[in-house]
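I opened the notebook to look at two helices and one chain contact. My notes follow in the order I took them.

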Amino acid sequence: MSFVEYGDTIKDGDTAIVFLGHESMFPVKVQHGTVTQTKYGVIRHSTDLIGKKYGSKVTCSKGGWVFILHPTPELWTMNLPHRTQILYSTDISIITMMLELKPGSIVCESGTGSGSLSHALIRTVAPTGHLYTVEFHQQRAEKAREEFREHGVEHLVTVTNQDVCKNGFGVSNIADAVFLDIPSPWEAIGHAKSALKPEGGRICSFSPCIEQVQRTCLAMEEFGFTEINTLEILLRVYNVRTISLQIPDLGEAAEDNSSTGFDGSNPSNQGSPCANLQQGTVQFKSGVPLREMVGHTGYLTFATKS
Amino acid sequence: RKIIFEKQWFYLDNAIGHTYGTTFEVTSGGNLQPKQEVEETTTETKEAGTDNRNIVDDGKSQKLTHDDIKALKDKGIKGQEIVQQLIENSTTFRDKTEFAQDKYIKKKKKKYEAVITIVKPSTRILSTMYYAREPGKINHLRYDTLAQMLTLGNIRAGNKMIVMETCAGLVLGAVMERMGGYGSIIQMYPGGGPVRAATSCFGFPKLFFNNLHEFPLSKVDSLLSGTFSTETLPSEPEDNALLEEESNGLTDEKQTSLQEAEEESATEAAMEISQTEEQETMDINAEDVQIKENKEKENKENVREKQRKQWERRKKLIETAALLREKNADGLIVASKFHPTPLLLSLLEFVAPSRPFVVYCQYKEPLLECYTKLRERGGVINLKLSETWLRNYQVLPDRSHPKLTMSGGGGYLLSGTTVVLDKGKSDSSSLEALKMEEPSSKRCKVQDLHC
């Protein structure tokens with residue numbers, strides 16, 4: 001296992017994702033002799049996990065079962081221990097594309113936070129790229145280093161414990177892209193510029209408030225960045241449901257009409273809705289939005305140094 | 001070579017040798033290279049009104065007439081100066097608010113100062129461009145949706161990916177960019193060959209194409225049932241398919257990819273043959289015999305060349321089939337104009353367990369059906385039907401707000417993770433079986449999901 005390479009079987013020391021059911025997962029560190037408790041019973045690592053294929057079904061002691069999944073940055077994002085607010089995959093995906101990241105890219109990031117974005121960045125720039133990430137909080141920096149080591153990606157990342165606004169990224173003229181997720185990104189724009197390659201590169205700043213964006217844009221302009229563009233991306237998730245709607249009873253005369261009417265409209269319905277006319281209901285499949293959705297994460301401001 | 005862009009035409013010769021991101025000004029025919037930053041002009045009149053209570057639209061505020069402006073343009077005066085003249089001859093300009101003045105200048109600059117910037121191709125640029133210019137060719141796949149696909153599919157160096165797309169090769173190009181030449185890609189194609197018009201826009205090095213394979217969609221069933229054999233690949237169907245593709249191509253799009261060029265030359269060769277046959281029947285003169293012999297020789301060479309190509313193609317096909325037969329692909333990406341359900345049910349067979357897959361569809365309804373069918377089939381978890389909204393902002397001092405227009409739709413995604421498929425459960429009414437086997441606590445959950 002590694003976050004940058006697929007493996008077939010589960011090995012001692014791997015990080016694996018235990019999938020319990022709908023949206024219910026957690027990560028485990030696979031170790032000989034260790035057991036993990038789930039609501040379906042106990043998983044014994046030595047016999048239940050090690051040597052098994054990723055993606056296989058593991059039966060727990062109470063007869064229930066779980067799936068064991070290969071870790072990916074996306075699954076990690078959903079399961080990692082939070083030390084700060086984190087970026088989720090929706091924002092991460094647009095950041096990765098708009099920063100034009102690919103294998104071989106050199107990226108600077110600050111702050112490291114819980115390492116949600118870091119794992120995704122490392123995945124994308126591997127095997128020849130590198131991530132320089134700066135975190136001013138000492139324990140968080142330490143914890144991130146430890147995780148990168150456990151996940152087999154330490155050779156692709158350098159964690160520096162310093163204040164990016166004061167001391168910059170610790171590197172200059174080597175980055176293809178810079179990402180900022182700090183409270184006052186405008187104070188780091190100058191450092192970002194000097195971290196980027198002389199021939200240019202891309203920058204992105206993530207801020208929850210429009211006032212922060214305002215100041216960041218001004219700073220970017222001041223430092224000669226071009227193509228400044230602010231956007232926001234929202235994810236809408238749909239539940240797939242079979243819905244049945246009752247046909248209203250309009251009295252005696254309407255009865256004949258209703259049956260013919262719905263026969264006619266059936267083909268126009270998507271899928272193959274089974275109209276149960278005897279009981280006076282019509283069934284159809286629908287993508288129903290969740291009752292609540294994330295309305296705002298942050299504004300993403302992109303710019304180019306050229 | 002002459003190129004037309006936004007009602008301007010120019011030659012690219014002068015742009016060579018400059019760094020990417022350089023801005024050029026268009027003159028009559030060629031390119032000039034102006035400075036990166038044009039120093040702020042026109043700000044000597046720092047007079048401005050506070051509101052528009054006294055501004056009346058009488059249509060006479062601009063003192064220069066249409067003909068005057070045209071005359072200025074014909075004289076080849078710099079666009080910057082024309083804008084300056086327009087401002088000086090506008091009677092209301094001084095009464096406008098500072099913001100309105102700004103907006104006025106920006107609008108005029110856009111019209112009269114033609115500048116172009118030359119940038120390096122990337123997924124960001126190309127997907128934005130295709131969505132804005134030719135959304136029909138990429139099934140209205142918006143760039144943020146493409147970005148989601150790349151992330152949800154865990155696309156990275158070293159993967160063995162299966163890609164089925166009819167997005168002009170844009171999705172393929174995006175996957176290739178993220179894989180950086182490491183690992184392998186198998187492109188499933190309908191018709192006679194894969195379309196890679198957009199892929200060629202990326203300017204990938206040759207190396208990237210070494211591990212790019214293609215496999216015809218029409219052979220998938222035989223590959224899955226085990227009846228696929230290389231002997232059953234006669235040359236005729238290949239040719240038929242080729243012609244079919246040609247006619248498809250006409251209605252679909254005009255392609256410029258290398259691939260296409262190759263095919264064209266193949267059909268040209270075929271046409272030549274038929275022409276000479278006609279000649280044979282038309283006039284068999286003694287004089288023509290010589291020419292005919294030459295032609296025949298040429299034909300023979302053509303035929304041999306064709307056979308060689310076919311043999312090569314067959315060899316590649318066998319290799320690709322072997323790659324698929326291993327059934328250990330690291331992911332599946334589908335973005336096509338076809339119904340996604342049959343594609344997914346078949347192609348997922350080639351994917352290893354615990355790997356992500358992503359299907360794009362312009363419409364939600366086919367994905368609802370796909371979702372249901374996948375649950376019946378089993379072997380997948382974490383199914384998610386989603387859509388992203390993208391909102392652009394104008395950020396200016398005291399004038400920040402969302403842009404007035406946003407894109408209405410960028411399509412839908414169905415994503416999930418493969419798991420080991422239980423034997424025996426795969427064929428018969430698996431959903432019921434699944435429910436029966438599940439522990440009671442879990443059964444409740446599944447039912448919750450379904451009602």
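**Entry 1, helix α3.** I started at the end of α3(A), where E100(A) follows the helix with a positive phi near 55°. The model is a predicted one, so I read every value here as computed. I then looked up burial in α3 (residues 89-98) of chain A: 10 of the 10 residues are buried, so the helix is largely enclosed by the rest of the structure. Among them are D91(A), I94(A), I95(A) and M98(A).

**Entry 2, helix α8.** I went on to α8 of chain A, residues 210-222, which has 13 residues. From first C-alpha to last it reaches 18 Å, close to the 18 Å expected. Its buried residues include V213(A), C217(A) and M220(A). I asked what covers the buried residues of α8(A). The cover includes α7 (189-195), β11 (201-207), β12 (226-246) and β15 (299-305), also of chain A. After α8(A) comes G224(A), with a positive phi near 80°.

**Entry 3, chains A and B.** I noted that 64 residues of chain B and 72 residues of chain A take part in the contact. The two chains bury about 5,800 Å² between them, with 58% of it on carbon and sulfur atoms. I found a count of 4 salt bridges between the chains. One of them joins the side chains of R355(B) and D8(A), at 3.9 Å from N to O. The count of residue pairs in polar contact is 18. On the side of chain B that touches chain A, β11(B) gives the largest share, 12 residues. I divided the residues of that side into 26 nonpolar, 19 polar and 19 charged.

Definitions and conventions
Residues numbered from 1 in each chain as written. Chains lettered and ligands numbered in written order. Predicted model: local features only at pLDDT ≥ 70, side-chain atom pairs only at ≥ 80, totals over all residues. Heavy atoms only, no water. Helix = DSSP H or I, 4+ residues; strand = E, 2+ residues; numbered from the N terminus. Expected span 1.5 Å × (residues − 1). Buried < 20%, exposed > 50% of the residue type's maximum accessible area, 1.4 Å probe, protein only. Contact = heavy atoms within 4.5 Å. Buried area = accessible area lost by both parts, 1.4 Å probe. Polar contact = N/O pair within 3.5 Å; in protein donor to acceptor, adjacent residues only side chain to side chain. Nonpolar A, V, L, I, M, F, W, Y, C, P; charged D, E, K, R; others polar.
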